[in-house]
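Here are my notes for anyone opening this one for the first time. Have a look at the model, then read on.

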Amino acid sequence: MSVSLYSIVRTVFNVYYILIFIRIILSWINTPDNAVTRFIYEVTEPVLGLFRRLIPPRPGFPLDLSPIFAYIVLQIIETLILRLIMTI
């Protein structure tokens with residue numbers, strides 16, 4: 001049971017990392033407003049918005065650092081959850 005739960009948690013985090021990466025790419029290009037784009041923004045905004053509030057963008061600095069910090073924190077959370085699963 002714990003092996004399958006381990007795989008599920010890894011998959012969920014990996015899919016979320018991919019969605020964040022796609023969102024970064026979408027922010028660089030002019031994308032049409034469609035269901036897929038809206039879905040990606042709606043799924044990633046709760047986490048990225050939290051980091052954007054904690055680390056607001058600097059005026060004159062065009063790079064949004066929230067995905068970097070979100071990725072790091074999500075990696076830490078994933079590691080902790082996976083270690084917990086392995087001890088069960």
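1. Start with helix 2, residues 35-54 (helices are DSSP runs of H or I, at least four residues, numbered from the N terminus). With 20 residues, helix 2 reaches 29 Å from its first C-alpha to its last, close to the expected 28 Å (1.5 Å times one less than its number of residues).

2. A word on the source: this is a predicted model, where local features need pLDDT of at least 70, side-chain atom pairs count only at pLDDT 80 or more, and totals for chains, interfaces and linings use all residues. Residues are numbered from 1 along each chain as its sequence is written, and side-chain values use heavy atoms, leaving out hydrogens and water.

3. Where does helix 2 kink? Look at glutamate 45, shortly before proline 46, for a kink of about 50° (the angle between axes fitted to the seven residues ending there and the seven starting there).

4. At the N-terminal end of helix 2, asparagine 34 acts as a cap. One of its side-chain oxygens sits 3.1 Å from the backbone nitrogen of valine 36.

5. Helix 2 also has buried residues, among them Ile40, Thr44, Val47 and Phe51 (buried means under 20% relative accessible area, with a 1.4 Å probe and protein chains only). Across the protein, 25% of the 88 residues count as buried.

6. Zooming out, the protein has three helices and zero strands. The C-alpha atoms fill a box of roughly 50 × 30 × 15 Å, taken along the principal axes.

Terms used:
Helix = DSSP H or I, 4+ residues; strand = E, 2+ residues; numbered from the N terminus. Buried < 20%, exposed > 50% of the residue type's maximum accessible area, 1.4 Å probe, protein only. Polar contact = N/O pair within 3.5 Å; in protein donor to acceptor, adjacent residues only side chain to side chain.
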